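Reader: Could you walk me through this model with the cut-offs spelled out as we go? I would like to ask about sheets, cores and rings in turn.

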Amino acid sequence: MKHLFSIICLMSLIISCTKEEKAKEESLPYPETVKVDTVDVYFGTEVPDPYRWLEDDRSEQTAQWVKAQNDVTFSYLNDIPFKDRVKQRLEELFNYERLYAPNKHGNYYYFYKNDGLQNQSVLYRKKGMDGEPEIFIDPNTFKEDGTISLAGTSFSKDGSLFGYLISEGGSDWRKGIVINTETKEQVGDTLRDIKFSGLDWKGNEGFYYSSYDKPKSGSVLSGKTQHHKLYYHKLGTSQSEDKMIFGGEEQPRRYIGSYLTEDERFLVITAAQSTSGNELYIKDLSDPESEIVTIIDNFDNDHYVLANEDSRLLIHTNLGAPNNRLVETDISNPAPGSWKDVIPETENVLSTSTAGGKIFADYMVDAKTEVKQYDLSGKLERNVELPGIGTAWGFGGEMDESELYYTFTSFTYPSTIFRYDIATGKSTLYEQPKVDFNPDDYETKQVFYESKDGTKVPMFIVYKKGIELNGKNPTYLYSYGGFNVSLQPSFSTSRIVWLENGGIYAQPNIRGGGEYGEKWHKAGTKMQKQNVFDDFIASGEYLIKNKYTSSDYLAIAGGSNGGLLVGATMTQRPDLAKVAFPAVGVMDMLRYNKFTAGAGWASDYGTAEDSKEMFEYLHGYSPVHNVKQGVEYPATMVTTADHDDRVVPAHSFKFIANLQEKHEGDNPVLIRIETDAGHGAGTPISKTIEQQADIYSFAWYNMGVIPPLAKSAQ
């Protein structure tokens, strides 16, 4: 008996070794990532940073590492047998004409249109609504591969001048160009190094814009930007002669914005140190001797001047109103002590706009849009009847207009443009896209689930009618959870591929967002950031418990702050999902504030330098620092881009290096690094299709699912 037991043990050992050797043979040949002995000390605690060298995006060593990683990743993706069919279906779906709501400037109506597979949408114009459309600006001519995009446009009040910003390779640094709208000839020189800014016209003489000094040392893409500056540029003069109006060393602020009231009497200046909370200033441009007047002198709340009637100002604010309110005051005494409510705070989050001498109040009700129309005194005139339950935007325009054009969408309702008669409140269909999609085949459900601490959290779930709740449906769980950003119902062309092949799409409105106002936002910041991860984990558990899916068929996804969300979730609960897609994520929570405008995110995150407690909290969830040796993590494809100067790619580089070193098991852990691309804005359609095909194929392949589209092609 003893001898038999020894034989069984020996056989088990041999089988075990064979399995291990097979796993090693089948594991991917990840590039070797050199480790260095860099160590930082925070409040007496040593924190190794062995992949610090990957922060240098200019080095040849980093470039070689990027190439080696992409070689492995694309080799893996290209071996997925149905990937080409997924890409083909995406191209079929994207190949429809898309028009965007028109806006009137001078004698023309301007609108964007994409014929279908154009990398960038083209700006058209026509004289009157019945005029013949002509191409005004075609960004596809900027560069053949579509990697130079329009990144902001602005017309002078009479429509005779047009200023536009261009982004190269997705960078946040912009160039500014002005043309005459009749002749389309350039006026003046090209402006450079504009960042986080628009162009705000004062008559036809010039405009205001903001920028930073370029980093004096290190990389332009990753170097820290600190003091924003507001300039005035007079047409016909050199940019070097531009006058600084606000900011710089004398008034150090990280973000400075500006805009003019419609009558161009007032210049409004907003100044902030973080992404939440701003000072508010105003200058009366009708008086050449006027000074900049302070309305708000702290960063405790958010405010902007919505409109004015002569000296009467309408100010949108969350001061004393976490869900926002609209107040009025006079330029002679604009301080908060003189404010009077025009539209008081309610239980729903308020956004405001003006058009045709009216105020439009956009309320977010459980993440869905409701719109009310008021007169300028705050008297309710009507509830705007929308086409359905979903998201609407575009209720803005000039004060003398009689109509406006708004867009309505939902998960199963492609973005559709409606003409709205301001006097009668009647909406009529203006333009509806012809998408290869039947909305009647799908349904959307909103559920409320409990998070770890008992908080009720809403979630949208979208799927094909008749789906069987058997725990085997591939499910794509996407969220964000930060910076007061609200995820509302919206239509996605690429999402059709997932849904029509039996997939489920789920979108929880977790804390940190703005769906329920500033209280909801604050509940997911700093020392309460774990609430965000708990909400997301609980959404996955709800889907599993209710048989929508199971861990073997669940993919978790998010971008930017949502990339952090995925990174934290997969390191805290590696068993929750089969697949993870952290995109352009903030992964190193101890050093995020060292790059570009990262220091401005401290209002949401806090920094490792704030206190010992804040350091320990950040260190406790930072994805880069919480990858553990010997743990089996989900099949992971990190996505980032080489020109991302918002969330620098070093975050993703360091995270995947840790994963590849410590991950145990057969699940692939890869990084897909897009070239000539940035944080996402302005990405060419061709790149969007390629990336989405890779994402869906990677998910299905690692779930062991062959999508019906692949079967039908066989």
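Author: What follows is a conversation about strands, nonpolar cores and aromatic rings.

Author: This is a predicted model, in which local features need pLDDT of at least 70 and side-chain atom pairs count only at pLDDT 80 or more, while totals for chains, interfaces and linings use all residues. Residues are numbered from 1 along each chain as its sequence is written, and side-chain values use heavy atoms, with hydrogens and water left out.

Reader: Fine, let's start with strand S9: what surrounds it, and how much of it is buried?

Author: Seven of the eight residues of strand S9 (residues 161-168) are buried, so this strand is largely enclosed by the rest of the structure. Here buried means under 20% relative accessible area, exposed means over 50%, and partly exposed lies in between, with a 1.4 Å probe and protein chains only. Strands are DSSP runs of E with at least two residues, helices are runs of H or I with at least four residues, and both are numbered from the N terminus.

Reader: And which strand does S9 pair with through six bridges?

Author: That is strand S8 (residues 148-155), which pairs with S9 in the antiparallel sense; two strands count as paired if DSSP finds at least two bridges between them. Serine 149 has serine 167 in S9 as its bridge partner. Five residues lie between S8 and S9 in their hairpin, and glycine 159 in the turn has a positive phi of about 80°. S9 also pairs with strand S10 (residues 173-180), again antiparallel, over seven bridges, and isoleucine 166 is bridged to lysine 175 in S10. The hairpin of S9 and S10 has four residues between the strands, with glycine 169 in the turn at a positive phi of about 65°.

Reader: Switching to the sheet with S24 in it, what is the strand order?

Author: The order is S24-S25-S26-S27, four strands in an open sheet with antiparallel pairing. Strand S24 (349-355) and strand S27 (380-384) are at the edges with a single partner strand each, so one side of each is left without a neighbour in the sheet. Strand S26 (residues 368-375) is joined to S27 by four bridges in the antiparallel sense, and tyrosine 374 stands opposite leucine 380 in S27.

Reader: What about threonine 412, where is it found?

Author: Threonine 412 is in the loop between strand S29 (403-410) and strand S30 (413-421), and this residue is buried, with a relative accessible area of 15%. Not counting residues up to four places away in sequence, threonine 412 touches Phe437, Pro439, Tyr442, Thr444, Val462 and Phe491, where contact means heavy atoms within 4.5 Å. The flanking strands S29 and S30 run antiparallel with seven bridges and form a hairpin with two residues between them. In that pairing, tyrosine 405 has arginine 419 in S30 as its bridge partner.

Reader: Now the packing: which residues have the most contacts inside the largest nonpolar core?

Author: Ile556 and Tyr605 do, in a core of 69 residues. Helix H6 (residues 530-545) gives the most to this core, with six residues. A nonpolar core is a set of buried Ala, Val, Leu, Ile, Met, Phe, Trp, Tyr and Cys residues joined through side-chain atoms within 4.5 Å. Leaving aside neighbours within four places in sequence, the contacts of tyrosine 605 include Phe483, Leu564, Met589 and Tyr621. Apart from this core lies another, of 43 residues, including Ile685 and Tyr696.

Reader: Last topic, the rings: how many aromatic pairs does the structure hold?

Author: The structure holds 50. Rings of Phe, Tyr and Trp (its six-membered ring) pair if their centres lie within 6.5 Å; planes under 30 degrees apart count as stacked, over 60 as edge-to-face and the rest as tilted. Phenylalanine 111 and tyrosine 124 are a stacked pair, at 5.7 Å centre to centre with 15° between the planes, and both residues are buried. Tyrosine 449 and tyrosine 542 form a tilted pair, at 6.2 Å and 40°.

Reader: Which ring does arginine 495 lie over?

Author: Arginine 495 lies over the face of tyrosine 505, at 4.0 Å from the ring centre. A charge sits over a ring if NZ of Lys or CZ of Arg is within 6 Å of the ring centre and within 35 degrees of the ring normal.
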